[in-house]
2 protein chains.
Amino acid sequence: MTSQDRLVAAAQELMWERGFAATSPRKILDRAEVGQGSMYHHFGSKEGLAAAAFERSAAETLARAEVILRSDEGDAASRVVGYLLVQREVLLGCPVGRMASDPDVLASDSLSTILRATFARVRTLLSEAIAAGVAAGELRDGDPADIADTVLAVVQGGYVLARAEGGAEPFNRAVRGAAALLRTRTDGGAGDRATR
Amino acid sequence: MTSQDRLVAAAQELMWERGFAATSPRKILDRAEVGQGSMYHHFGSKEGLAAAAFERSAAETLARAEVILRSDEGDAASRVVGYLLVQREVLLGCPVGRMASDPDVLASDSLSTILRATFARVRTLLSEAIAAGVAAGELRDGDPADIADTVLAVVQGGYVLARAEGGAEPFNRAVRGAAALLRTRTDGGAGDRATR
DNA sequence: GTCTATAACTCGATAGAC
DNA sequence: GTCTATCGAGTTATAGAC
């Protein structure tokens, strides 16, 4: 593993745990077991390293959403409900959504661009699946664009409630409630898949 | 206005805008136009002042929720939908929920206690209104405890999406979608009320 | 009760040896 | 390409005059 890779991996972990502003170069270097010179040589600044790390985390998160929402097994409703009910690292939060509450992230062009682009893509994936589910009569009627943001918001807000509470229960209640509201018919099981 | 009041008011504003960790005593003192000595005399520490400010903000937010959710005008469904659709300072975010993403807040006993207690109370208010709405057949059937967290999460997540996007649209879509999913019958208007 | 001065520390970034 | 030493600014908190 090269110094670059070690730095990016350490920055990903720390930014997921603590956000951008609260993650100092010092802590990244300690975890990566790399000297300060390497970081500034390869990435130029804290922001440069953070952008590389965030880009990778966002790509990973997006890929997980795509696997669920574009799956060719099961109907559209199950894919949408599956997105709500996937196993997540509830107490850590979403590595993407987490960045939205950091003023320094919104003030940075490179970081806020990744943030916007990632949410935009998940929104599109959700909209498509929801439109298909509504057309098939599996999901309650409604504007797919609205419902897509409702689903996104339930997940992101679930993280907020869980962190506030210090436990996963509020997250689980929130997604369970949303799944119940979305379905036209209440058939039992919903697909669970392991991911963050 | 006493020095204490000026300090608390300034801290409330800054913590709403930037959170706890990113709000330094220096910035609070500048905005309050008060010397450093006053702050440490009255509140002992940054955390002490922050707790006083957060307590006040949380009480204000809770009072607004109570006005909507315990109103005796309109049916229970309109109160729940009203809570979703109130006019809010979408780009600033929720002065309470904002704190949940700050690691320093969760590490502080006094601050995290206020956070947990406030969400718990809003959750109770929502649960009661939802249970009444379900019993009256105005809201879709479901576990009121689950739906209460769904509604809370839509609002908190809507803030996250709006901040990420830099505009209020994702928030508005999310709450509109949730309101549509909650109602058993789709009658037009929903109550709007001016508040944060 | 409020002020200024200053302590002890951490921040992000740079310099220059190797 | 990686290291250590150091810079200047900003952090929370304390000391002591008034």
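The points below describe how the two protein chains relate to each other and to the two DNA strands.

1. This is a predicted model, in which local features need pLDDT of at least 70, side-chain atom pairs count only at pLDDT 80 or more, and totals for chains, interfaces and linings use all residues. Residues are numbered from 1 along each chain as its sequence is written, chains are lettered from A and ligands numbered from 1 in the order in which they are written, and side-chain values use heavy atoms, with hydrogens and water left out.

2. A turn of 180 degrees with a shift of 0.0 Å along the axis lays chain A on chain B with an RMSD of 0.1 Å, which is the relation of a two-fold axis. The superposition is by least squares on the C-alpha atoms of residues with pLDDT of at least 70 in both copies. Within chain A, the residue that comes closest to the rotation axis is G157(A), whose C-alpha is at 1.8 Å. Of the interface residues of chain A, 98% are also interface residues in chain B, so the copies meet through the same surface.

3. DNA strand D is surrounded by 16 residues, the closest being G35(A), H42(A), P25(B), Q36(B) and K46(B); a residue is near a strand if one of its heavy atoms lies within 4 Å of it. Of the strand D atoms within 4 Å of the protein, 64% belong to sugar or phosphate and the rest to bases.

4. Several polar contacts (pairs of N or O atoms within 3.5 Å) reach phosphate oxygens of DNA strand D. One is 2.4 Å from a polar backbone atom of G35(A), while polar side-chain atoms of K46(B) and S3(A) lie 2.9 Å and 3.1 Å from a phosphate oxygen, respectively. The elements giving two or more residues to this surface near strand D are α3 (36-43) of chain A together with α2 (25-32) and α3 (36-43) of chain B, and the largest share, five residues, comes from α3(A). Helices here are DSSP runs (H or I) of at least four residues, numbered from the N terminus.

5. Which residues come nearest to DNA strand C? Of the 16 around that strand, they are P25(A), Q36(A), K46(A), G35(B) and H42(B). An N or O atom in the side chain of Q36(A) is 2.8 Å from a base nitrogen of strand C, whereas a backbone N or O atom of G35(B) lies 2.4 Å from a phosphate oxygen and a polar side-chain atom of H42(B) lies 2.5 Å from a phosphate oxygen. The largest share of the surface near strand C, five residues, comes from α3(B).

6. In helix α2 of chain A, the buried residues (under 20% relative accessible area, with a 1.4 Å probe and protein chains only) are P25(A), I28(A), L29(A) and A32(A). They cover an arc of only 95 degrees around the axis, which puts them on the same side of α2(A); the arc is that of the directions from the helix axis to the C-beta atoms. These buried residues pack against α1 (3-18), α3 and α4 (46-69) of chain A.

7. Just after α2(A), E33(A) takes a positive phi of about 55 degrees, in the loop between α2 and α3 of chain A. Most residues other than glycine have a negative phi. At 64% relative accessibility E33(A) counts as exposed, the cut-off for exposed being over 50%. In chain B, E33(B) also has a positive phi of about 55 degrees and is exposed, with a relative accessible area of 64%.

Methods
Contact = heavy atoms within 4.5 Å. Polar contact = N/O pair within 3.5 Å; in protein donor to acceptor, adjacent residues only side chain to side chain.
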